[in-house]
Amino acid sequence: MSEHGLTAGVVGGAGYAGGDLCRLLLGHPAVTTVLPTSRGDEEFERVHPNLLGSGLSFLPPEELAERADELDVVFFSTPTGEAMRAARHFLDRGAKVVDLSADFRFADPEEYRRVHGPEHESPDLLAEAAYGATELFREDVAGARLVANPGCYAITALLALAPLADAGLLGPRVAVHAVNGTTGAGVKPKRALMHAEVAGALLAYGLDGHRHGPELEGLLARAAGHPVRVDLNTTHADFPRGIHLQANLDVPADVTRDRLLEVFQDFYGRGGGGEHFVRVNATPRRGGLNDKDYALYPLVTSVVGTNFCHLGVDVDPVRGIAKVVAVTDNLVKGAAGSAVQNMNVLLGLPETDGLLGYAC
């Protein structure tokens, strides 16, 4: 970092996650220059009118590559397949790279091919990429030059399930049901995602095996110490941004909600300590049997626009099923916010820099 502050490149700045990266970087105390790219001829403030007055403009990707020596960090907010071809150019010139796509999430190139189809074009970089679930792999991120940002479903599910794996409560199978906002489908126009089509509807997809499933299975097996089969079910709802995720798993008969709360609070830190961006809803239960106590579980609206993950837990004692509810903003904690959090760790900055906002 120069004495004048950080210079950050955003490859793929015209998409939803790229726009949120620019928004967060503009408010970052250590960042003085943001250079977003786009392959089209759009004007930045027409694409991102919420950033009117920012003074940013799009560069062609080729110009950013020519200016690689100026960059401290480069974010790839691009479709899967692009970062693997371009990241090395920036790494060789001393920039840190944070990839928001799936290009570097698997250490094994054969696993990448199995999940995504094509052969990986930079397989030698896979082994050195740190998986950027910051709360879980902070030391790996701090020592890296290349970070693979998690998928939005994956980071939300990992934060929901990691405490259970650590406590020995995660068995061989877990069912995960996740509802994502329509921004999770990207900016490419699709009729099913038009307001007239999606309003009042739910759009299930990827039920034959979502690509974040193998990502989750590998990481959870690493945490639990045994293979874990993830039944991942995904749906788009008619809100723009946010993820509401519920994970169900079998637990021993003596596990209660209070026991789960203790597990989660010990893992993430009680009160104001521990992990700043992960909050456990420990609201006491009120009322009697069959009361609809909505306050026990977190709401998507409480995290929209923020880098927080809110967690709530409960147990069905008759059936021996633990249930974890996790909510995040798919564009922030699920993408741009985690990427900035990883940048902070990579560069030795305070981890919360540029990310201290709460939901409105």
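In this predicted model, helix H11 is followed by glycine 269, a residue whose phi is positive, near 95°. The helix itself comprises 12 residues, from 257 to 268, and its first and last C-alpha atoms lie 16 Å apart, close to the 16 Å expected at 1.5 Å a residue. Within H11, the buried positions are Arg257, Leu260, Leu261, Val263, Phe264, Gln265 and Tyr268, and these buried residues pack against one other helix, H8 (152-166), as well as against the strands S11 (278-280), S12 (309-316) and S13 (321-328).

Elsewhere in the chain, leucine 125 forms part of helix H6, which covers residues 123-126. With a relative accessible area of 1%, leucine 125 is buried, because this value falls under the 20% cut-off. When its neighbours within four places in sequence are set aside, leucine 125 is in contact with Arg88, Leu91, Phe104, Arg145 and Leu146. For one of these partners, phenylalanine 104, which stands 21 residues away along the chain, the C-alpha separation from leucine 125 is 7.8 Å.

Serine 77, in turn, is located in the loop that connects strand S3 (73-76) with helix H4 (83-91). Its relative accessibility of 18% is also under 20%, and serine 77 therefore counts as buried. A polar atom of the serine 77 side chain lies 3.3 Å from the backbone nitrogen of glycine 18. Glycine 18 is likewise listed among the residues in contact with serine 77 once neighbours within four places in sequence are left aside, together with Val11, Gly12, Ala17, Leu21 and Leu100.

How values were computed. Residues numbered from 1 in each chain as written. Predicted model: local features only at pLDDT ≥ 70, side-chain atom pairs only at ≥ 80, totals over all residues. Heavy atoms only, no water. Helix = DSSP H or I, 4+ residues; strand = E, 2+ residues; numbered from the N terminus. Expected span 1.5 Å × (residues − 1). Buried < 20%, exposed > 50% of the residue type's maximum accessible area, 1.4 Å probe, protein only. Contact = heavy atoms within 4.5 Å. Polar contact = N/O pair within 3.5 Å; in protein donor to acceptor, adjacent residues only side chain to side chain.
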